[in-house]
Amino acid sequence: MEKMIKILIADDHALMRQGLKQLLELEDDITVIGDAVDGLDVLDKVSSLQPDLVLLDINMPNMNGIQALRKIKEQGLDTKIIMLTIHDEREYLLETINLGADGYVLKDADANSLVNAIRTVDGGTNYIHPTLASELVRAYKRKDEEPEESKRSNLTRREFEVLCLIADGNNNKEIADKLFISEKTVKNHVSNIFKKIHVNDRTQAAIYAIKNNLKPLS
């Protein structure tokens with residue numbers, strides 16, 4: 001009997017989850033064993049369902065896909081991860097690959113490309129959507145050309161602490177509790193951090209922290 005590839009679909013949009021499920025279950029060797037609506041849900045489902053592979057959306061509430069990827073890889077789980085992304089999120093390609101993503105597929109890819117990606121990754125080979133291969137090469141070249149010094153010098157000590165906690169997937173309330181400050185103060189710090197490191201959201205801030213290998217101050 002042919003091995004079935006057990007898939008977990010993680011996306012905060014119900015129509016995307018349902019559409020992917022219907023598409024994949026047309027294949028004889030693929031079965032969708034569950035879905036998840038955010039990063040926290042992903043971690044629970046990966047642990048309980050033990051899928052062979054997760055189709056993981058990048059932008060999700062509570063814990064985004066990049067943070068979920070990081071947690072899964074830190075736990076040393078055998079589950080393989082294919083990141084699902086839209087064109088505007090190409091900047092995340094290098095970071096997710098560095099974190100251990102096994103594949104990277106654009107959401108507007110055709111069905112054959114997605115199925116091919118799943119089979120390729122399940123077989124033990126990384127998969128990068130063909131139109132993104134040159135992007136990855138350029139990204140690595142840019143990384144090699146960047147100066148080594150961290151850009152953290154323009155952040156205050158407190159802002160740096162907040163940024164590290166954002167990268168670990170904490171929300172504002174959790175950050176406030178850990179630093180013994182108010183949520184309003186955390187919001188002000190987050191706003192200042194976004195301006196200083198030139199990002200627009202928490203996902204981009206987490207990427208910045210990971211890219212610059214920022215660690216909490218002792």
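# Briefing: one chain, one sheet, two cores

The protein chain has 10 helices and six strands. This is a predicted model, so treat what follows as a reading of computed coordinates. Of the chain's 218 residues, 45% count as buried. Take the contacts between residues at least 6 apart in sequence, and 65% of them join residues at least 24 apart. The accessible surface of the chain comes to about 11500 Å², and carbon and sulfur atoms account for 48% of that.

**The sheet**

- The strands form an open six-stranded sheet in the order 2-1-3-4-5-6, with parallel pairing.
- Strand 2 and strand 6 (127-128) are the edge strands, each pairing on one side only.
- Strand 1 pairs with strand 2 (residues 30-36) in the parallel sense, through six bridges. One pair to look up there is Ala 10, whose bridge partner in strand 2 is Ala 36.
- Strand 1, helix 1 (residues 14-24) and strand 2 together make a right-handed β-α-β unit.
- Strand 1 also runs parallel to strand 3, and four bridges join the two. Here Leu 8 has Val 54 in strand 3 as its bridge partner.
- Strand 3 and strand 4 are parallel too, with five bridges between them. Leu 56 has Met 83 in strand 4 as its bridge partner.
- Strand 1 is mostly covered, with five of its six residues buried.

**The cores**

- As background, nonpolar side chains in soluble globular proteins tend to be buried together.
- The largest nonpolar core holds 27 residues, and Val 42, Leu 56 and Met 83 touch the most other members.
- Elements that give two or more residues to this core include strand 1 (5-10), strand 3 (53-57), strand 4 (80-85) and strand 5 (103-106). On the helix side, helix 2 (39-49), helix 3 (65-74), helix 4 (93-99) and helix 10 (202-211) do likewise.
- Helix 3 gives the most to this core, with four residues.
- A second, separate core has 21 residues, among them Leu 165, Ala 167, Leu 179 and Ile 197.
- Back in the largest core, Met 83 has a long contact list even with residues up to four places away in sequence left out. It takes in Leu 56, Ile 58, Gly 65, Ile 66 and Leu 69, along with Thr 96, Ala 101, Gly 103, Tyr 104 and Val 105.

**Helix 2**

- Asp 38 caps the N-terminal end of helix 2, with a side-chain oxygen 3.1 Å from the backbone nitrogen of Leu 40.
- Gly 39, Asp 41, Val 42, Leu 43 and Val 46 are the buried residues of helix 2.
- Those buried residues pack against strand 1, strand 2, strand 3 and helix 3.
- Just after helix 2, Gln 50 takes a positive phi of about 50 degrees.

**Helix 3**

- Asn 64 is the N-terminal cap of helix 3: one of its side-chain oxygens lies 3.0 Å from the backbone nitrogen of Ile 66.
- Gly 65, Ile 66, Gln 67, Ala 68, Leu 69 and Ile 72 are buried in helix 3.
- The packing partners of helix 3's buried residues are helix 2, strand 3, strand 4, helix 4, helix 7 and helix 10.
- Just after helix 3, Gly 76 has a positive phi of about 70 degrees.

**Asn 170, a polar residue in a loop**

- Asn 170 sits in the loop between helix 7 (157-167) and helix 8 (172-179).
- Is Asn 170 buried or exposed? Asn 170 has a relative accessible area of 8%, and anything under 20% counts as buried, so Asn 170 is buried.
- A polar atom of the Asn 170 side chain lies 2.9 Å from the backbone oxygen of Leu 165.
- Which side chain makes a polar contact with the side chain of Asn 170? That of Lys 178 does, at 2.7 Å.
- With neighbours within four places in sequence set aside, Asn 170 is in contact with Leu 165, Ile 175, Lys 178 and Arg 202.
- Leu 165 is therefore a residue to view twice, as it also belongs to the second core and is in contact with Asn 170, which is buried.

Conventions. Residues are numbered from 1 along each chain as its sequence is written. This is a predicted model: local features need pLDDT of at least 70, side-chain atom pairs count only at pLDDT 80 or more; totals for chains, interfaces and linings use all residues. Side-chain values use heavy atoms; hydrogens and water are left out. Buried means under 20% relative accessible area, exposed over 50%, partly exposed in between (1.4 Å probe, protein chains only). A polar contact is a pair of N or O atoms within 3.5 Å; within protein, one must be able to donate a hydrogen and the other to accept it, and residues adjacent in sequence count only if both atoms are side-chain atoms. Contact means heavy atoms within 4.5 Å. Accessible areas come from the Shrake-Rupley method with a 1.4 Å probe; for residues, only the protein chains shown count as cover. A nonpolar core is a set of buried Ala, Val, Leu, Ile, Met, Phe, Trp, Tyr and Cys residues joined through side-chain atoms within 4.5 Å. Two strands pair if DSSP finds at least two bridges between them. A crossover is right-handed if, with the strands pointing away from the viewer, the path from the first strand over the helix to the second runs clockwise.
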